[in-house]
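User: I would like a close look at a single part of this model, with enough of its surroundings to place it. Please give one connected account.

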Amino acid sequence: MVVAEDDEAIRELILHHLACEGFEGVGASDGLSAIRKVREGCDLIVLDLGLPGLDGFEVARRARDIRAGLPILVLSARSGEIDRLLGFELGIDDFVAKPFSPRELVARVRAILRRHGLDAELPVDRVLRFGDLEIDVAAREVRMRGLDLACKPREFALLLELARNPGVAIARERLIDRVWGAAFVGDERTVDVHVSRLRARLEGHAPLRSTLRSVHGFGYKFVPP
């Protein structure tokens, strides 16, 4: 993963704690070098908003152009509501304000990777198969008989969370925590909107029409086709 932070002491502190937990990381001291590191490949970027060269928001935009759905955790002293809202509009996964606890930061990194199916418990090359439906974690694709259904990053993460628990009703609150993160700003209707979008993609294929089922007053469950 990439740690984009212009303060060397903070950057090295984060890299040290990540390494202690078994994560491989590289540092970047400015926005342009962060983009270069993303192009070289990474699973997640820890991103300071106040980078020289390119600010964190622009780095986030360009990083997502390079790799759609790249997990991003923002770490910044700019913790106001406007910055948080701008970040979440860009699809940032989590927002940690400085000063911060390195242990909490690592825990949040683990949670983000888990939501994206990149944690150690789920190897990145794993493909979940339900008949003709395939959920490819490494490629971040949902396929029906080999056809990519072109799910958006958050739709993919939501379907993955439900599909990893087939037949289990999952509360909206838990889905928000697992897919959007604890720092999410909004309400539970966001889950309903994304489920509706997923259904629109899936219902074009007859075997998938009843895959995502509502549990009245509670949440949703995935029923394999």
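Analyst: Helices and strands here are DSSP runs numbered from the N terminus, a helix being H or I over at least four residues and a strand E over at least two. The model is a predicted one. The part chosen is the contact between domain 1 (2-116) and domain 2 (127-222).

Taken over C-alpha atoms, the centres of the two domains are 26 Å apart. Domain 1 brings 14 residues to the contact, and domain 2 brings 15 residues. The size of an interface is often expressed as the accessible area that is lost when the parts come together. For domain 1 and domain 2 the buried area is about 1200 Å², with 48% of it from carbon and sulfur atoms. On the side of domain 1, the residues that lose the most area to domain 2 are Arg114, Arg115 and His116, which together make up 51% of what that side buries.

Specific pairs across the boundary come next. Between the domains the count is 1 salt bridge. A salt bridge joins the side chains of Asp93 and Arg154, at 3.8 Å from N to O; Asp93 falls within the bounds of domain 1 and Arg154 within those of domain 2. For polar contact across the interface, the rule finds 1 residue pair, with both residues at pLDDT 80 or more. Helix 4 (81-89), strand 5 and helix 5 (102-115) each provide at least two residues of the domain 1 side that touches domain 2. Of the elements on that side, helix 4 gives the most, with 3 residues.

Strand 5 leads back to the sheet of domain 1. That sheet is open and has 5 strands in the order 2-1-3-4-5, paired in parallel. Its edges are strand 2 (26-28) and strand 5 (94-97); each has a single partner strand, so one side of each lacks a neighbour in the sheet. From one strand to the next, the twist averages 20 degrees. Further in, strand 1 (residues 2-4) runs parallel to strand 3 (residues 45-47) and is joined to it by 3 bridges, and Ala4 has Leu47 of strand 3 as its bridge partner. Helix 3 (residues 56-66) packs on this sheet, in touch with strand 3 and strand 4 (72-76), and its direction is at about 160 degrees to that of strand 3.

The loop between strand 5 and helix 5 contains Pro99. The peptide bond from Lys98 to Pro99 is cis, with omega about -5 degrees.

Across the boundary, Arg154 lies within the residue range of helix 6 (residues 153-163), which lies across strand 6, strand 7 and strand 8 and runs at about 110 degrees to strand 7. The sheet there is open, with 4 strands in the order 6-7-8-9 and antiparallel pairing. Strand 6 (127-130) and strand 9 (147-148) form its edges with a single partner strand each, so each has one side without a neighbour in the sheet. Strand 8 pairs with strand 9 in the antiparallel sense over 2 bridges, and Met144 stands opposite Leu147 of strand 9. The loop between strand 7 (133-136) and strand 8 (141-144) holds Arg140. Although Arg140 is not a glycine, its phi is positive, at about 55 degrees.

How values were computed. Residues numbered from 1 in each chain as written. Predicted model: local features only at pLDDT ≥ 70, side-chain atom pairs only at ≥ 80, totals over all residues. Heavy atoms only, no water. Pairing = 2+ DSSP bridges. Axes fitted to C-alpha atoms, helices over the stretch in contact; angles between N-to-C directions. Contact = heavy atoms within 4.5 Å. Domains from an automatic or database assignment. Buried area = accessible area lost by both parts, 1.4 Å probe. Salt bridge = Lys/Arg side-chain N within 4 Å of Asp/Glu carboxyl O. Polar contact = N/O pair within 3.5 Å; in protein donor to acceptor, adjacent residues only side chain to side chain.
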